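This briefing covers the surroundings of a ligand, two sheets with the helices that pack on them, and some backbone features. Please read it beside the sequence and the model.

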Amino acid sequence: MAKIQAIRGMNDILPEQTPVWQYVERSVREVLGQYGYQEIRMPVVEQTELFKRSIGEVTDIVEKEMYTFDDRNGDSLTLRPEGTAGCVRAAEEHGLLFNQTRRLWYMGPMFRHERPQKGRYRQFHQIGVECFGMAGPDVDAELLVLTARLWKALGLYGHARLEINSIGTSESRKVYRAALVEYLSLFKDELDEDSKRRLETNPLRILDSKDPGTRKILEGAPGLGDYLDDESRDHFDQLRAMLDAAGIAYTVNPALVRGLDYYGKTVFEWITDSLGAQGTICAGGRYDGLVEQLGGKPTVAVGFAMGLERLILLLETLGLVPGHVHNRADVYVTAMGDTAVAPAMALAESLRDQLPGRTVVSHCGGGSFKSQMKKADRSGASYAVILGENEVAQGTAGLKPLRSDDPQQEVSQQDLAGTLAELL
Ligand code: ATP
Ligand code: MG
(Lines give C-alpha, C1' and ligand atoms only; values in the text may rest on other atoms or scores of the structure.)
(Ligands and ions follow the chains in the order given, each with its own letter.)
Protein backbone atom coordinates (compact mmCIF):
# COMPACT_ATOMS: atom_id res chain seq x y z
CA MET A 1 0.00 0.00 0.00
CA ALA A 2 1.23 3.49 -0.78
CA LYS A 3 2.50 5.35 2.24
CA ILE A 4 0.68 8.47 3.32
CA GLN A 5 2.90 11.52 3.24
CA ALA A 6 2.76 14.98 4.74
CA ILE A 7 0.90 17.70 2.87
CA ARG A 8 3.05 19.65 0.42
CA GLY A 9 4.50 22.74 2.04
CA MET A 10 3.75 21.52 5.56
CA ASN A 11 6.93 20.47 7.27
CA ASP A 12 7.76 18.08 10.05
CA ILE A 13 10.26 19.62 12.41
CA LEU A 14 12.52 16.72 13.27
CA PRO A 15 14.43 16.00 16.50
CA GLU A 16 17.68 17.27 14.95
CA GLN A 17 16.02 20.61 14.27
CA THR A 18 13.92 21.21 17.37
CA PRO A 19 16.88 22.37 19.49
CA VAL A 20 17.39 25.30 17.10
CA TRP A 21 13.69 26.12 17.24
CA GLN A 22 13.77 26.00 21.03
CA TYR A 23 16.83 28.23 21.06
CA VAL A 24 15.13 30.86 18.90
CA GLU A 25 11.87 30.64 20.82
CA ARG A 26 13.74 30.94 24.11
CA SER A 27 15.65 33.97 22.88
CA VAL A 28 12.46 35.69 21.73
CA ARG A 29 10.68 34.93 25.01
CA GLU A 30 13.58 36.36 26.97
CA VAL A 31 13.74 39.58 24.99
CA LEU A 32 9.96 40.07 25.04
CA GLY A 33 9.99 39.41 28.77
CA GLN A 34 12.57 42.15 29.24
CA TYR A 35 10.14 44.64 27.73
CA GLY A 36 7.09 43.44 29.66
CA TYR A 37 5.19 41.82 26.82
CA GLN A 38 2.56 39.21 27.73
CA GLU A 39 1.81 36.05 25.83
CA ILE A 40 -1.65 35.38 24.40
CA ARG A 41 -2.69 32.12 22.72
CA MET A 42 -5.47 32.08 20.15
CA PRO A 43 -7.12 29.22 18.23
CA VAL A 44 -5.69 28.39 14.82
CA VAL A 45 -9.15 28.51 13.24
CA GLU A 46 -11.40 31.56 13.04
CA GLN A 47 -14.49 32.59 11.15
CA THR A 48 -13.58 33.36 7.55
CA GLU A 49 -15.30 36.72 7.85
CA LEU A 50 -12.70 37.88 10.40
CA PHE A 51 -9.88 37.68 7.85
CA LYS A 52 -11.92 39.11 5.01
CA ARG A 53 -12.86 42.12 7.09
CA SER A 54 -9.40 42.77 8.47
CA ILE A 55 -6.79 41.73 5.90
CA GLY A 56 -8.99 42.95 3.05
CA GLU A 57 -10.89 41.26 0.23
CA VAL A 58 -8.46 42.25 -2.52
CA THR A 59 -5.20 41.15 -0.95
CA ASP A 60 -3.06 38.16 -1.98
CA ILE A 61 -3.89 36.41 1.26
CA VAL A 62 -7.67 36.62 1.02
CA GLU A 63 -7.87 36.29 -2.75
CA LYS A 64 -5.78 33.19 -3.15
CA GLU A 65 -3.92 31.99 -0.09
CA MET A 66 -6.44 31.06 2.59
CA TYR A 67 -7.37 27.53 3.67
CA THR A 68 -11.12 27.99 3.93
CA PHE A 69 -13.67 25.26 4.51
CA ASP A 70 -17.21 24.72 5.73
CA ASP A 71 -17.43 22.93 9.05
CA ARG A 72 -20.16 20.42 9.79
CA ASN A 73 -22.60 23.18 10.69
CA GLY A 74 -22.02 24.87 7.36
CA ASP A 75 -20.10 27.79 8.91
CA SER A 76 -17.22 29.08 6.82
CA LEU A 77 -13.99 28.73 8.80
CA THR A 78 -10.39 29.52 7.88
CA LEU A 79 -7.03 28.31 9.15
CA ARG A 80 -5.41 31.53 10.28
CA PRO A 81 -3.07 33.00 7.66
CA GLU A 82 -1.67 35.47 10.20
CA GLY A 83 -2.15 36.37 13.84
CA THR A 84 -3.14 40.02 14.06
CA ALA A 85 -6.81 39.54 13.19
CA GLY A 86 -7.28 36.77 15.74
CA CYS A 87 -5.35 38.68 18.37
CA VAL A 88 -7.56 41.74 17.93
CA ARG A 89 -10.66 39.52 17.99
CA ALA A 90 -9.55 37.81 21.20
CA ALA A 91 -8.40 40.98 22.96
CA GLU A 92 -11.64 42.76 22.11
CA GLU A 93 -13.82 39.80 23.00
CA HIS A 94 -12.28 39.57 26.46
CA GLY A 95 -12.25 43.27 27.21
CA LEU A 96 -8.46 43.65 27.15
CA LEU A 97 -8.50 46.83 25.14
CA PHE A 98 -10.96 49.34 26.52
CA ASN A 99 -9.17 52.16 28.37
CA GLN A 100 -6.00 50.10 28.65
CA THR A 101 -2.66 49.69 27.05
CA ARG A 102 -1.52 46.20 26.13
CA ARG A 103 1.69 44.68 24.92
CA LEU A 104 0.95 41.18 23.65
CA TRP A 105 2.77 38.44 21.78
CA TYR A 106 1.97 35.01 20.41
CA MET A 107 3.70 32.23 18.60
CA GLY A 108 2.38 29.48 16.41
CA PRO A 109 1.59 28.03 13.02
CA MET A 110 -0.01 30.06 10.21
CA PHE A 111 -1.41 28.67 6.96
CA ARG A 112 -1.25 30.06 3.45
CA HIS A 113 -1.77 28.22 0.19
CA GLU A 114 1.32 29.54 -1.60
CA ARG A 115 3.78 27.85 -3.92
CA PRO A 116 6.21 26.08 -1.58
CA GLN A 117 9.86 27.04 -2.00
CA LYS A 118 12.82 27.88 0.18
CA GLY A 119 11.55 30.19 2.93
CA ARG A 120 7.94 29.90 1.79
CA TYR A 121 5.67 27.15 3.06
CA ARG A 122 1.99 26.38 3.47
CA GLN A 123 2.25 25.86 7.19
CA PHE A 124 4.81 28.19 8.68
CA HIS A 125 5.40 29.72 12.07
CA GLN A 126 5.30 33.28 13.23
CA ILE A 127 6.05 35.10 16.40
CA GLY A 128 3.75 38.08 16.45
CA VAL A 129 3.75 41.14 18.67
CA GLU A 130 0.81 43.53 19.00
CA CYS A 131 0.61 46.72 21.07
CA PHE A 132 -2.72 48.38 21.77
CA GLY A 133 -3.76 51.78 23.07
CA MET A 134 -0.49 53.64 22.40
CA ALA A 135 -0.56 56.15 19.58
CA GLY A 136 3.21 56.22 19.08
CA PRO A 137 5.66 56.94 17.66
CA ASP A 138 7.45 55.96 20.89
CA VAL A 139 5.97 52.47 20.90
CA ASP A 140 6.73 52.10 17.15
CA ALA A 141 10.35 52.83 18.03
CA GLU A 142 10.18 50.40 20.96
CA LEU A 143 9.18 47.58 18.61
CA LEU A 144 12.16 48.28 16.39
CA VAL A 145 14.58 48.61 19.29
CA LEU A 146 13.23 45.34 20.66
CA THR A 147 13.73 43.51 17.37
CA ALA A 148 17.24 44.94 17.12
CA ARG A 149 17.95 43.55 20.59
CA LEU A 150 16.70 40.16 19.47
CA TRP A 151 18.94 40.21 16.39
CA LYS A 152 21.86 41.06 18.67
CA ALA A 153 20.99 38.17 20.99
CA LEU A 154 20.93 35.80 18.01
CA GLY A 155 24.08 37.26 16.43
CA LEU A 156 22.02 38.51 13.47
CA TYR A 157 22.40 42.23 13.94
CA GLY A 158 24.11 43.58 10.84
CA HIS A 159 22.83 40.68 8.74
CA ALA A 160 19.39 42.23 8.29
CA ARG A 161 18.62 45.79 7.31
CA LEU A 162 15.67 47.82 8.47
CA GLU A 163 13.44 49.54 5.94
CA ILE A 164 10.72 51.90 7.11
CA ASN A 165 8.07 54.02 5.49
CA SER A 166 4.92 55.92 6.32
CA ILE A 167 1.86 55.15 4.28
CA GLY A 168 -0.23 57.86 5.95
CA THR A 169 -3.85 57.71 6.93
CA SER A 170 -6.49 56.02 4.79
CA GLU A 171 -7.69 59.51 3.71
CA SER A 172 -4.27 60.59 2.48
CA ARG A 173 -3.78 57.21 0.80
CA LYS A 174 -7.06 57.70 -1.05
CA VAL A 175 -5.79 60.92 -2.60
CA TYR A 176 -2.48 59.30 -3.44
CA ARG A 177 -4.15 56.21 -4.87
CA ALA A 178 -6.06 58.40 -7.33
CA ALA A 179 -2.85 60.14 -8.42
CA LEU A 180 -1.05 56.81 -8.80
CA VAL A 181 -3.86 55.27 -10.84
CA GLU A 182 -3.95 58.34 -13.07
CA TYR A 183 -0.22 58.04 -13.72
CA LEU A 184 -0.12 54.25 -14.19
CA SER A 185 -3.12 54.28 -16.49
CA LEU A 186 -0.95 56.12 -19.02
CA PHE A 187 1.22 52.97 -19.18
CA LYS A 188 -1.50 50.42 -18.70
CA ASP A 189 -0.52 48.19 -21.62
CA GLU A 190 3.10 48.00 -20.50
CA LEU A 191 2.37 46.83 -16.96
CA ASP A 192 2.80 43.17 -15.98
CA GLU A 193 -0.40 41.13 -15.74
CA ASP A 194 -0.65 41.20 -11.94
CA SER A 195 -0.17 44.94 -11.88
CA LYS A 196 -2.79 45.46 -14.59
CA ARG A 197 -5.28 43.63 -12.43
CA ARG A 198 -4.20 45.51 -9.32
CA LEU A 199 -4.70 48.82 -11.06
CA GLU A 200 -8.41 48.14 -10.60
CA THR A 201 -8.32 46.38 -7.25
CA ASN A 202 -5.35 47.38 -5.08
CA PRO A 203 -3.09 49.84 -6.95
CA LEU A 204 -0.75 50.49 -4.01
CA ARG A 205 0.43 46.88 -4.24
CA ILE A 206 1.86 47.69 -7.67
CA LEU A 207 4.56 49.64 -5.85
CA ASP A 208 6.22 46.43 -4.71
CA SER A 209 5.98 44.68 -8.08
CA LYS A 210 9.18 42.81 -8.95
CA ASP A 211 8.58 43.03 -12.72
CA PRO A 212 11.45 45.00 -14.36
CA GLY A 213 9.16 46.71 -16.89
CA THR A 214 6.76 47.81 -14.18
CA ARG A 215 9.65 48.89 -11.97
CA LYS A 216 10.90 51.14 -14.77
CA ILE A 217 7.47 52.77 -15.11
CA LEU A 218 7.30 53.23 -11.34
CA GLU A 219 10.44 55.37 -11.39
CA GLY A 220 8.38 58.25 -12.70
CA ALA A 221 5.36 57.62 -10.47
CA PRO A 222 4.20 60.11 -7.85
CA GLY A 223 5.58 59.25 -4.39
CA LEU A 224 3.39 58.39 -1.45
CA GLY A 225 5.60 60.60 0.70
CA ASP A 226 4.39 63.71 -1.13
CA TYR A 227 0.81 62.95 -0.18
CA LEU A 228 1.31 62.36 3.51
CA ASP A 229 -0.99 64.23 5.86
CA ASP A 230 0.72 66.48 8.41
CA GLU A 231 0.04 64.20 11.34
CA SER A 232 1.52 61.14 9.62
CA ARG A 233 4.53 63.13 8.49
CA ASP A 234 5.12 64.44 12.00
CA HIS A 235 4.72 60.92 13.43
CA PHE A 236 7.24 59.58 10.93
CA ASP A 237 9.77 62.37 11.56
CA GLN A 238 9.58 61.70 15.29
CA LEU A 239 10.01 57.97 14.78
CA ARG A 240 13.10 58.59 12.69
CA ALA A 241 14.55 60.87 15.36
CA MET A 242 13.93 58.19 18.00
CA LEU A 243 15.63 55.53 15.90
CA ASP A 244 18.57 57.86 15.33
CA ALA A 245 18.80 58.50 19.07
CA ALA A 246 18.69 54.75 19.74
CA GLY A 247 21.42 54.14 17.18
CA ILE A 248 19.26 51.90 14.99
CA ALA A 249 20.26 52.17 11.34
CA TYR A 250 17.45 52.19 8.77
CA THR A 251 16.63 53.29 5.26
CA VAL A 252 13.40 54.93 4.18
CA ASN A 253 11.89 52.88 1.36
CA PRO A 254 9.12 54.94 -0.26
CA ALA A 255 7.90 51.84 -2.13
CA LEU A 256 7.29 49.84 1.05
CA VAL A 257 3.51 49.53 1.37
CA ARG A 258 2.87 46.06 2.86
CA GLY A 259 0.24 43.75 1.46
CA LEU A 260 -2.48 44.03 4.06
CA ASP A 261 -5.24 46.61 4.08
CA TYR A 262 -5.21 47.44 7.75
CA TYR A 263 -1.89 49.24 7.92
CA GLY A 264 -1.52 53.03 8.16
CA LYS A 265 1.27 55.45 9.11
CA THR A 266 4.37 53.44 10.10
CA VAL A 267 5.27 50.30 8.16
CA PHE A 268 8.58 48.44 8.34
CA GLU A 269 10.45 45.32 7.31
CA TRP A 270 13.70 43.69 8.37
CA ILE A 271 15.26 42.22 5.26
CA THR A 272 18.26 39.99 4.74
CA ASP A 273 20.19 39.51 1.51
CA SER A 274 21.25 36.00 2.50
CA LEU A 275 18.01 34.16 1.72
CA GLY A 276 17.32 35.11 -1.88
CA ALA A 277 13.82 36.26 -2.76
CA GLN A 278 12.35 35.30 0.62
CA GLY A 279 14.41 37.90 2.44
CA THR A 280 11.87 39.51 4.77
CA ILE A 281 12.31 37.99 8.20
CA CYS A 282 10.14 40.42 10.13
CA ALA A 283 7.44 42.81 9.00
CA GLY A 284 4.83 45.01 10.56
CA GLY A 285 3.34 48.39 11.07
CA ARG A 286 0.67 50.53 12.63
CA TYR A 287 -3.01 49.65 12.24
CA ASP A 288 -4.93 52.30 14.15
CA GLY A 289 -8.23 51.59 12.39
CA LEU A 290 -8.48 47.82 12.66
CA VAL A 291 -10.02 47.40 16.11
CA GLU A 292 -12.88 49.73 15.21
CA GLN A 293 -13.20 48.11 11.80
CA LEU A 294 -13.79 44.80 13.57
CA GLY A 295 -16.52 46.28 15.73
CA GLY A 296 -14.52 47.43 18.77
CA LYS A 297 -14.10 50.89 20.27
CA PRO A 298 -11.49 52.92 18.38
CA THR A 299 -8.11 51.66 19.64
CA VAL A 300 -4.76 52.52 18.13
CA ALA A 301 -2.36 49.64 17.54
CA VAL A 302 0.97 48.63 16.10
CA GLY A 303 2.62 45.25 15.65
CA PHE A 304 4.81 42.94 13.66
CA ALA A 305 5.29 39.29 12.81
CA MET A 306 8.46 37.41 12.15
CA GLY A 307 8.73 34.20 10.23
CA LEU A 308 10.51 31.55 12.27
CA GLU A 309 11.45 29.31 9.33
CA ARG A 310 13.25 32.19 7.64
CA LEU A 311 14.92 33.25 10.86
CA ILE A 312 16.22 29.73 11.41
CA LEU A 313 17.27 29.34 7.78
CA LEU A 314 19.22 32.55 8.15
CA LEU A 315 20.93 31.42 11.36
CA GLU A 316 21.89 28.15 9.69
CA THR A 317 23.02 29.79 6.46
CA LEU A 318 25.27 32.16 8.37
CA GLY A 319 26.51 29.43 10.72
CA LEU A 320 25.22 31.30 13.75
CA VAL A 321 23.63 28.43 15.65
CA PRO A 322 25.75 28.01 18.79
CA GLY A 323 27.02 24.47 19.35
CA HIS A 324 25.58 24.27 22.86
CA VAL A 325 22.09 24.53 21.37
CA HIS A 326 22.16 20.91 20.29
CA ASN A 327 21.37 19.47 23.66
CA ARG A 328 23.35 16.29 23.68
CA ALA A 329 23.47 13.83 26.50
CA ASP A 330 26.04 14.42 29.24
CA VAL A 331 26.16 10.93 30.68
CA TYR A 332 25.15 7.56 29.22
CA VAL A 333 24.54 4.79 31.73
CA THR A 334 25.02 1.26 30.42
CA ALA A 335 23.97 -2.02 31.99
CA MET A 336 26.02 -5.09 31.10
CA GLY A 337 24.00 -8.22 31.81
CA ASP A 338 20.51 -8.71 33.26
CA THR A 339 21.55 -8.35 36.89
CA ALA A 340 22.88 -4.84 36.24
CA VAL A 341 19.69 -3.45 34.68
CA ALA A 342 17.76 -2.49 37.81
CA PRO A 343 20.84 -1.16 39.68
CA ALA A 344 21.83 0.86 36.58
CA MET A 345 18.40 2.41 36.46
CA ALA A 346 18.61 3.28 40.16
CA LEU A 347 22.08 4.73 39.68
CA ALA A 348 20.90 6.86 36.76
CA GLU A 349 18.00 8.15 38.87
CA SER A 350 20.36 9.16 41.66
CA LEU A 351 22.60 10.94 39.12
CA ARG A 352 19.54 12.88 37.89
CA ASP A 353 18.76 13.81 41.50
CA GLN A 354 22.28 15.04 42.12
CA LEU A 355 23.04 16.60 38.73
CA PRO A 356 19.97 18.68 37.92
CA GLY A 357 20.19 20.32 34.51
CA ARG A 358 22.36 17.50 33.14
CA THR A 359 21.10 14.92 30.68
CA VAL A 360 21.57 11.36 31.88
CA VAL A 361 20.46 8.78 29.33
CA SER A 362 19.89 5.20 30.41
CA HIS A 363 20.68 2.42 28.01
CA CYS A 364 17.57 0.34 27.41
CA GLY A 365 17.18 -2.86 25.45
CA GLY A 366 20.27 -4.85 26.48
CA GLY A 367 22.90 -5.88 23.97
CA SER A 368 26.63 -6.50 23.93
CA PHE A 369 29.28 -4.23 25.47
CA LYS A 370 30.23 -3.11 22.00
CA SER A 371 26.74 -2.17 20.90
CA GLN A 372 26.01 -0.35 24.16
CA MET A 373 29.21 1.67 23.84
CA LYS A 374 28.31 2.52 20.27
CA LYS A 375 24.97 3.92 21.41
CA ALA A 376 26.74 5.79 24.21
CA ASP A 377 28.98 7.41 21.65
CA ARG A 378 26.07 8.32 19.35
CA SER A 379 24.18 9.97 22.20
CA GLY A 380 26.86 12.63 22.22
CA ALA A 381 27.50 12.02 25.92
CA SER A 382 30.82 13.07 27.38
CA TYR A 383 30.98 10.09 29.73
CA ALA A 384 29.71 6.55 29.79
CA VAL A 385 28.96 4.92 33.11
CA ILE A 386 29.58 1.18 32.88
CA LEU A 387 27.78 -1.08 35.26
CA GLY A 388 28.25 -4.87 35.16
CA GLU A 389 27.84 -7.72 37.60
CA ASN A 390 31.19 -7.01 39.31
CA GLU A 391 30.57 -3.29 39.73
CA VAL A 392 27.13 -4.00 41.19
CA ALA A 393 28.65 -6.43 43.67
CA GLN A 394 31.37 -3.95 44.68
CA GLY A 395 29.23 -0.79 44.69
CA THR A 396 31.39 0.81 42.02
CA ALA A 397 30.97 1.93 38.42
CA GLY A 398 33.26 2.29 35.44
CA LEU A 399 33.55 5.90 34.27
CA LYS A 400 34.75 6.13 30.69
CA PRO A 401 35.49 9.45 28.95
CA LEU A 402 34.02 9.35 25.44
CA ARG A 403 35.50 12.56 24.07
CA SER A 404 39.11 12.18 25.12
CA ASP A 405 41.74 9.48 25.35
CA ASP A 406 41.82 9.63 29.15
CA PRO A 407 41.68 6.18 30.70
CA GLN A 408 38.56 4.69 32.22
CA GLN A 409 38.46 4.93 36.02
CA GLU A 410 36.68 2.90 38.64
CA VAL A 411 34.62 5.13 40.96
CA SER A 412 32.52 4.20 43.95
CA GLN A 413 28.85 4.72 43.18
CA GLN A 414 28.59 7.12 46.10
CA ASP A 415 31.27 9.39 44.64
CA LEU A 416 30.09 9.12 41.07
CA ALA A 417 27.86 12.23 40.96
CA GLY A 418 30.53 14.31 42.67
CA THR A 419 33.20 13.16 40.25
CA LEU A 420 30.95 13.86 37.26
CA ALA A 421 30.02 17.29 38.62
CA GLU A 422 33.70 18.19 38.58
CA LEU A 423 34.38 16.71 35.18
CA LEU A 424 31.36 18.02 33.24
P1 ATP B 1 6.15 37.85 1.55
O2 ATP B 1 6.23 39.17 0.90
O3 ATP B 1 7.49 37.16 1.69
O4 ATP B 1 5.10 36.96 0.98
P5 ATP B 1 4.29 38.74 3.50
O6 ATP B 1 4.27 40.20 3.33
O7 ATP B 1 3.21 37.91 2.91
O8 ATP B 1 5.71 38.14 3.05
P9 ATP B 1 3.57 38.89 6.27
O10 ATP B 1 2.17 38.54 6.05
O11 ATP B 1 3.91 40.27 6.62
O12 ATP B 1 4.44 38.41 5.02
O13 ATP B 1 4.18 37.91 7.37
C14 ATP B 1 5.31 38.27 8.19
C15 ATP B 1 6.45 37.32 8.02
O16 ATP B 1 6.02 35.98 8.03
C17 ATP B 1 7.18 37.45 6.71
O18 ATP B 1 8.07 38.49 6.75
C19 ATP B 1 7.88 36.12 6.63
O20 ATP B 1 9.04 36.11 7.42
C21 ATP B 1 6.86 35.20 7.21
N22 ATP B 1 6.09 34.53 6.16
C23 ATP B 1 5.03 35.01 5.47
N24 ATP B 1 4.56 34.10 4.61
C25 ATP B 1 5.33 32.99 4.77
C26 ATP B 1 5.34 31.68 4.17
N27 ATP B 1 4.44 31.31 3.27
N28 ATP B 1 6.30 30.81 4.57
C29 ATP B 1 7.21 31.15 5.51
N30 ATP B 1 7.24 32.35 6.10
C31 ATP B 1 6.32 33.27 5.75
MG1 MG C 1 3.05 36.79 1.12
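Strand E10 gives three residues to the shell around ligand 1, the largest share, where helices (H or I, at least four residues) and strands (E, at least two) are DSSP runs numbered from the N terminus. This is a predicted model, in which local features need pLDDT of at least 70 and side-chain atom pairs count only at pLDDT 80 or more, while totals for chains, interfaces and linings use all residues. Residues are numbered from 1 along each chain as its sequence is written, chains are lettered from A and ligands numbered from 1 in the order in which they are written, and side-chain values use heavy atoms, with hydrogens and water left out.

**Surroundings of ligand 1**

- There are 14 residues around ligand 1, and Arg112, Glu114, Arg120, Arg258 and Thr280 come nearest; a residue is near a molecule or strand if one of its heavy atoms lies within 4 Å of it.
- By class, the shell around ligand 1 holds five nonpolar, four polar and five charged residues, with Ala, Val, Leu, Ile, Met, Phe, Trp, Tyr, Cys and Pro counted as nonpolar, Asp, Glu, Lys and Arg as charged, and the others, Gly among them, as polar.
- Polar contacts are pairs of N or O atoms within 3.5 Å; within protein, one must be able to donate a hydrogen and the other to accept it, and residues adjacent in sequence count only if both atoms are side-chain atoms.
- A polar backbone atom of tyrosine 121 is 2.9 Å from a nitrogen atom of ligand 1, and an oxygen atom of ligand 1 lies 2.9 Å from a backbone N or O atom of threonine 280.
- From the side chain of arginine 310, an N or O atom is 3.1 Å from an oxygen atom of ligand 1.
- The protein buries 87% of the 590 Å² that ligand 1 exposes when taken alone, with accessible areas from the Shrake-Rupley method and a 1.4 Å probe; for residues, only the protein chains shown count as cover.
- Two or more residues of the shell around ligand 1 are given by each of strand E6 (123-132), strand E10 (280-286) and strand E11 (301-307).

**The five-stranded sheet**

- Five strands form an open sheet with mixed pairing in the order E13-E12-E14-E15-E16, two strands being paired if DSSP finds at least two bridges between them.
- Because strand E13 (360-362) and strand E16 (409-412) stand at the edges with a single partner strand each, one side of each is left without a neighbour in the sheet.
- On average, neighbouring strands of this sheet are turned by 30° against each other, direction ignored; axes are lines fitted to C-alpha atoms, for helices over the stretch in contact, and angles run from 0 to 180 degrees between N-to-C directions.
- Strand E14 (residues 383-387) pairs with strand E15 (residues 396-401) in the antiparallel sense over four bridges, and valine 385 stands opposite leucine 399 in E15.
- Helix H12 (residues 338-354) lies across strand E12 (331-335), E13, E14 and E15 at about 160° to E12, whereas helix H13 (residues 369-378) lies across E12, E14 and E15 at about 165° to E12; contact means heavy atoms within 4.5 Å.

**The three-stranded sheet**

- An open sheet with antiparallel pairing has the order E2-E4-E3, and its edge strands, E2 and E3, each pair on one side only.
- Strand E2 (residues 45-47) and strand E4 (residues 76-79) pair over three bridges, and strand E3 (residues 67-70) pairs with E4 over four.
- Leucine 77 in E4 is the bridge partner of glutamine 47 and also stands opposite phenylalanine 69.
- Five residues separate E3 and E4 in a hairpin, and glycine 74 in the turn has a positive phi of about 85°.

**Backbone features**

- The peptide bond from glycine 136 to proline 137 is cis, with omega near 5°, and proline 137 is found in the loop between E6 and helix H5 (138-154).
- Asparagine 99 has a positive phi, near 60°, in a residue other than glycine; asparagine 99 is found in the loop between helix H4 (84-93) and strand E5 (102-111).
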